[in-house]
Amino acid sequence: PVCFGRFLCCYIGEYSVKRPKKVTPYTLVLHEHCGPGRTLSTWVDSEASGNVARFLNHSCEPNLKPFVVRIADSPYRPFIAFFAARDITAGEELTFEYSSSSASGDAEVICYCGSVNCKGFLP
């Protein structure tokens, strides 16, 4: 079991501040608002050099919540850290809610999360 608020892992991969030519299913995009009209975007692709976080799936009722973490030794590289959004039972799938903007484009993708409050499509 995992208790509410517990750190689980960071999303690790190849970092880019420009949209990569090849966006894989393992690409996570982070958009940080840095002031009026300014957004810093970071793409993290874990396909070739990722960790266990690349296997986290989407749910409309997730049990994990991502947070942006910046470390003094690496202030220019944001880390995406996942924490338990509630108590998680042993054997339960680990999930988070994908962001409102997808790395692959604007195409609607059907959601199969199976949660009671499923929105029908990935955000």
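In this predicted model, glutamate 47 and lysine 22 join their side chains in a salt bridge, with 3.3 Å from N to O. Glutamate 47 sits in the loop between strand 4 (39-45) and strand 5 (57-58), and lysine 22 sits in the loop between strand 2 (14-16) and strand 3; the pair therefore ties together parts that are 25 residues apart in sequence. The two partners differ in how they meet the surroundings: glutamate 47 has a relative accessible area of 33% and is partly exposed, whereas lysine 22, at 56%, is exposed. The cut-offs behind these terms are over 50% for exposed and under 20% for buried, with partly exposed in between.

The structure holds 4 salt bridges. Side chains of opposite charge can pair when their charged atoms come close. Three of the pairs are set out below, with the N to O distance and the relative accessible area of each partner.

| Acidic partner | Basic partner | N to O distance |
|---|---|---|
| Glutamate 47, 33% | Lysine 22, 56% | 3.3 Å |
| Glutamate 92, 27% | Arginine 86, 35% | 2.4 Å |
| Glutamate 97, 30% | Lysine 119, 53% | 2.5 Å |

A further salt bridge brings together the side chains of glutamate 97 and lysine 119, at 2.5 Å from N to O. This pair links distant parts of the chain: glutamate 97 and lysine 119 both lie in the segment after strand 8 (95-96), 22 residues apart. Glutamate 97 counts as partly exposed, with 30% relative accessibility, while lysine 119 is exposed at 53%.

In the salt bridge between glutamate 92 and arginine 86, the N to O distance is 2.4 Å. Here glutamate 92 is partly exposed, at 27% relative accessibility, and arginine 86 is also partly exposed, with a relative accessible area of 35%.

The nonpolar interior is considered next. The largest nonpolar core comprises 13 residues, and those with the most contacts inside it are Tyr11, Ala53, Leu56, Leu64, Ile80, Phe82 and Phe96. At least two residues of this core come from each of strand 1 (7-11), strand 3 (27-33) and strand 7 (74-84). Of these contributions, that of strand 7 is the greatest, with 3 residues.

Isoleucine 80 is one of the core residues with the most contacts inside the core. When residues up to four places away in sequence are not counted, isoleucine 80 touches Cys9, Cys10, Tyr11, Leu28, Leu30, Val44, Pro66 and Phe67.

Key: Residues numbered from 1 in each chain as written. Predicted model: local features only at pLDDT ≥ 70, side-chain atom pairs only at ≥ 80, totals over all residues. Heavy atoms only, no water. Core = buried A, V, L, I, M, F, W, Y, C linked by side-chain atoms within 4.5 Å. Buried < 20%, exposed > 50% of the residue type's maximum accessible area, 1.4 Å probe, protein only. Helix = DSSP H or I, 4+ residues; strand = E, 2+ residues; numbered from the N terminus. Contact = heavy atoms within 4.5 Å.
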